[in-house]
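Grab a pencil and open the viewer next to this page. Let's work through a few exercises together, one step at a time.

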Amino acid sequence: MGRPPKILITGGLGQLGIECAKLLRSQYGSENVILSDIIKPNDAISESGPYIFADILDFKGLQKIVVDHRVDWLIHFSALLSAVGEQNVPLAVRVNIEGVHNVIELAKQYNLRIFVPSTIGAFGPDSPRNPTPNVTIQRPHTIYGVSKVHAELIGEYYYHKFGLDFRCLRFPGVISSDPPGGGTTDYAVAIFHEALRTGKYNCYLRPDTRLPMMYIEDCLRSLHEFMCAPSEQLKRRVYNVTAMSFTPEELVEKLSKYVPNLHVTYQPDSRQQIADSWPQVFDDSEARRDWNWQHKYDLDNLVDFMVKDVQENYINVENGGGQQQRASATM
């Protein structure tokens, strides 16, 4: 085998970037995985491996990074999420559409393998919701969804036209102990923080709102396995992946075992409309068939890990337990 791939992660300080770098550094060596963002990192991130400034709207700056660091793989996490994107559409268009144009053109120029995540938000009210197959009508009603459909299509176009090694997974709601970042599925993260702190949570979705979800470890493992899959195994360039589907009331029932007097109220807001246009159950049978995707975490495991993780790394730390290394299940 030749040298390990040199990997650049954009938008690296979001929910997925830091944990993704941790996983890939454990596989390929710390110096081969470069985290980047436009935000100043904290000490722990600076000390854990290479971190650089990268603005995805600056094409020349990106070219310099790829050349200077001899990048082979580009993992493009920079994006404004669903609820945040609706508040600032012009910025979402710049980051989510112009940014994708830049990284895809960059990958073509320098022959990079490129990963761009998509989402259950790439579907809309006309899509079949239970189950939602890999190929079906999409027509989303958020700028986040519209920009992700655009990314899927432009990536597939570059694959067919130029042979670009473009790879894309449609992720469901991704659950990790990091505080929520502006997505419609974030209740499933926020509820752990609120419930363990206060015993209460006010949910912005109806109790029966079913959405597909996966634990962050499964999410990142699916990304890594997909990036390593030989091109000839891939029947398509965009795949659905998921692990489970549940509703707020089902999550509350499981969490009540750990927080016996948990009190949850429901006050649906504008995010309910977004959730109502998204898949309820995600069909990822093609990913399971073509590159042997298999999830590890179901709802019971997920709740167990999340309670431990939030308690140890947030609640105990806040209560003077001293700063601990963020726990994450071994990848």
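The exercises below go from whole domains down to single side chains, and keep in mind that this is a predicted model.

**Exercise 1. Find the two domains and work out how far apart their centres lie.**

Step 1. Start with the domain assignment: domain 1 covers 7-173 + 214-240. Domain 2 is made of 175-211 + 245-278 + 298-320.

Step 2. Now take the C-alpha centre of domain 1 and that of domain 2: they are 26 Å apart.

**Exercise 2. Describe the boundary between domain 1 and domain 2: how many residues are in contact, and how much area is buried?**

Step 1. Count the residues in contact: domain 1 brings 17 and domain 2 brings 19.

Step 2. Look at the area: about 1600 Å² is buried between the two domains, and carbon and sulfur atoms give 58% of that.

Step 3. Check for salt bridges between domain 1 and domain 2: the count is 0. Polar contacts do turn up, though, with 7 residue pairs joined that way, both residues being at pLDDT 80 or more.

Step 4. Ask which elements build the side of domain 1 that touches domain 2. Helix α4 (82-87) and strand β10 (211-215) each supply at least two residues there. The largest share, 4 residues, comes from α4.

Step 5. Sort the residues on that side of domain 1 by type: 9 are nonpolar, 6 are polar and 2 are charged.

**Exercise 3. Compare three salt bridges: E105 with K108, R206 with D276, and D290 with R289. Where do the partners sit, and are they buried or exposed?**

Step 1. Recall the idea first: side chains of opposite charge can pair when their charged atoms come close. The structure holds 21 salt bridges, and we'll pick out a few.

Step 2. Take E105 and K108, whose side chains meet at 3.3 Å, N to O. Both lie in helix α5 (residues 89-110), 3 residues apart, or about one turn of the helix. E105 has 21% relative accessibility, so it counts as partly exposed. K108 is partly exposed as well, at 32%.

Step 3. Move on to R206 and D276, which meet at 3.4 Å, N to O. R206 lies in the loop between β9 (200-203) and β10, while D276 is in helix α10 (residues 270-276), so this pair ties together parts that are 70 residues apart in sequence. R206 is partly exposed at 33%, and D276 is partly exposed at 30%.

Step 4. Finish with D290 and R289, where the closest N and O atoms are 2.6 Å apart. Here the partners differ: D290 is at 6% relative accessibility, so it counts as buried, whereas R289 is at 54% and counts as exposed.

Step 5. Don't stop at pairs. R113, D165, R167 and R237 are joined into one network by salt bridges that share partners.

**Exercise 4. Place K296 in the structure: which loop holds K296, and which side chain does K296 join in a polar contact?**

Step 1. Find the loop: K296 sits between α11 (285-290) and α12 (299-321).

Step 2. Check the accessibility: K296 is at 48%, so it counts as partly exposed.

Step 3. Look across to Y215. K296 and Y215 are 81 residues apart along the chain, and their C-alpha atoms are separated by 8.9 Å.

Step 4. Identify the partner: the side chains of K296 and E217 are joined by a polar contact of 3.0 Å.

Technical notes: Residues numbered from 1 in each chain as written. Heavy atoms only, no water. Domains from an automatic or database assignment. Contact = heavy atoms within 4.5 Å. Buried area = accessible area lost by both parts, 1.4 Å probe. Salt bridge = Lys/Arg side-chain N within 4 Å of Asp/Glu carboxyl O. Polar contact = N/O pair within 3.5 Å; in protein donor to acceptor, adjacent residues only side chain to side chain. Nonpolar A, V, L, I, M, F, W, Y, C, P; charged D, E, K, R; others polar. Buried < 20%, exposed > 50% of the residue type's maximum accessible area, 1.4 Å probe, protein only.
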